[in-house]
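Here are a few short exercises on side-chain contacts, each with a worked solution. Have your viewer open and try each task before reading on.

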Amino acid sequence: MTPVRDHGGALDDAIARWGGDRDAWLDLSTGINPVPYPVGAVSYTAWETLPDRAATERLTDAARAFWSVPPEAAVIAVPGASAAIARLPALCGTGPVHIPEPTYNEHRAAFEAQGRPVTGDPAAEVHVYVHPNNPDGRLWPDSAIGGRAVTVIDESFCDVRPDNSHVRRAAEDGVVVLKSFGKFWGLAGARLGVVIGDRAVLAPDGRPGLADLLGPWAASGPALEIGARALEDSGWAATTRRRLAEDARRLDGLMTGAGAAVAGGTDLFRLYEVDDAVAWRDRLAAARILGRIFPYSSRWLRLGLPGPDDWDRLEAAL
């Protein structure tokens, strides 16, 4: 049996443990924008027909423009960044993989599922960086990127910090960048992501590439339409970045006022050092607020941002 890995968003488990129903809970265990992009109407064509080339090209063209993708780099729409994470090991050579930890645990799991050992040795020819890192928000410098067989940069949380993105290097040998729509745009249920990078890795000559491993129509018609619309709306993105930054500062103020210390994070989630993470988690859960703790730390508590109508509730629970 495949082991269950630790993730945020385990609301069913929280309900089983502490009671209540879904509507009663405020889930702050993820880093998903609580004010999602306004989806609006989706065309009947997107629902009723298989996604055609035009729908995919609109999404990839919008992605190239939004992220200033180098023209030489490949751009591939995927059904969520996690789908790409699961399949990339098959395209990333052989041998050990360097993944600085602690970090998002699906990268280790994907390589180990392919029999690839994960090592702390930077001499490995395949490196994986989560940028900004989850859960501490660490940003990896240019010196960490490239110069080896494959470097995978998971930028699922980087759209709050576009100036720090490594997409500009996505045409370099071995560089692959992952983007997610679930976080910044708050559309986790759409299951849409984009992989940007070296064509020799993502679409190698003479053997299956990422698109082949995913199969035809990997991203759904509605997801492609909504994703393209969101990427084309640069005004929404700019306004959202400002709001998220303000809300992150507001959350830090609440938490430090309650006795926590800021330990890192991004403008989509904040990491705090507390005296007893389990006790803090349980106190919030008693108020039907779900936070995130980690099996490797007794003092780290991570919280996503409350929605506009949820701040008073969190302040009362603290």
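**Exercise 1.** Find out whether phenylalanine 66 and tryptophan 67 are buried or exposed, then classify their ring pair.

*Solution.* Start with accessibility: in this predicted model, phenylalanine 66 and tryptophan 67 are both buried. Next comes the geometry: their ring centres are 5.5 Å apart, and the planes meet at 85°. An angle over 60 degrees counts as edge-to-face, so that is the class of this pair. Finally, look around the pair: Phe66 and Trp67 belong to a cluster linked by ring pairs, together with Tyr37, Phe181, Phe184, Trp185 and Trp236.

**Exercise 2.** Describe the contacts of tryptophan 140 with tyrosine 129 and with arginine 138.

*Solution.* First, the rings of tyrosine 129 and tryptophan 140 lie 4.8 Å apart, centre to centre, with 50° between the planes, which makes the pair tilted. Tyrosine 129 is in strand S5, while tryptophan 140 is in the loop between S5 and strand S6, so the pair ties together parts 11 residues apart in sequence. Both residues are buried. Then add the charge: the charged end of arginine 138 sits over the ring of tryptophan 140, 3.7 Å from its centre.

**Exercise 3.** Explain why cysteine 92 and cysteine 158 are not bonded to each other.

*Solution.* A disulfide needs two sulfurs within 2.5 Å. For cysteine 92, the closest cysteine sulfur is that of cysteine 158, 19 Å away, which is too far for a bond. As for surroundings, cysteine 92 is buried at 0% relative accessible area, and cysteine 158 is buried at 0% too. The search of the whole structure gives 0 disulfides.

Technical notes:
Residues are numbered from 1 along each chain as its sequence is written. This is a predicted model: local features need pLDDT of at least 70, side-chain atom pairs count only at pLDDT 80 or more; totals for chains, interfaces and linings use all residues. Side-chain values use heavy atoms; hydrogens and water are left out. Buried means under 20% relative accessible area, exposed over 50%, partly exposed in between (1.4 Å probe, protein chains only). Rings of Phe, Tyr and Trp (its six-membered ring) pair if their centres lie within 6.5 Å; planes under 30 degrees apart count as stacked, over 60 as edge-to-face and the rest as tilted. Helices (H or I, at least four residues) and strands (E, at least two) are DSSP runs, numbered from the N terminus. A charge sits over a ring if NZ of Lys or CZ of Arg is within 6 Å of the ring centre and within 35 degrees of the ring normal.
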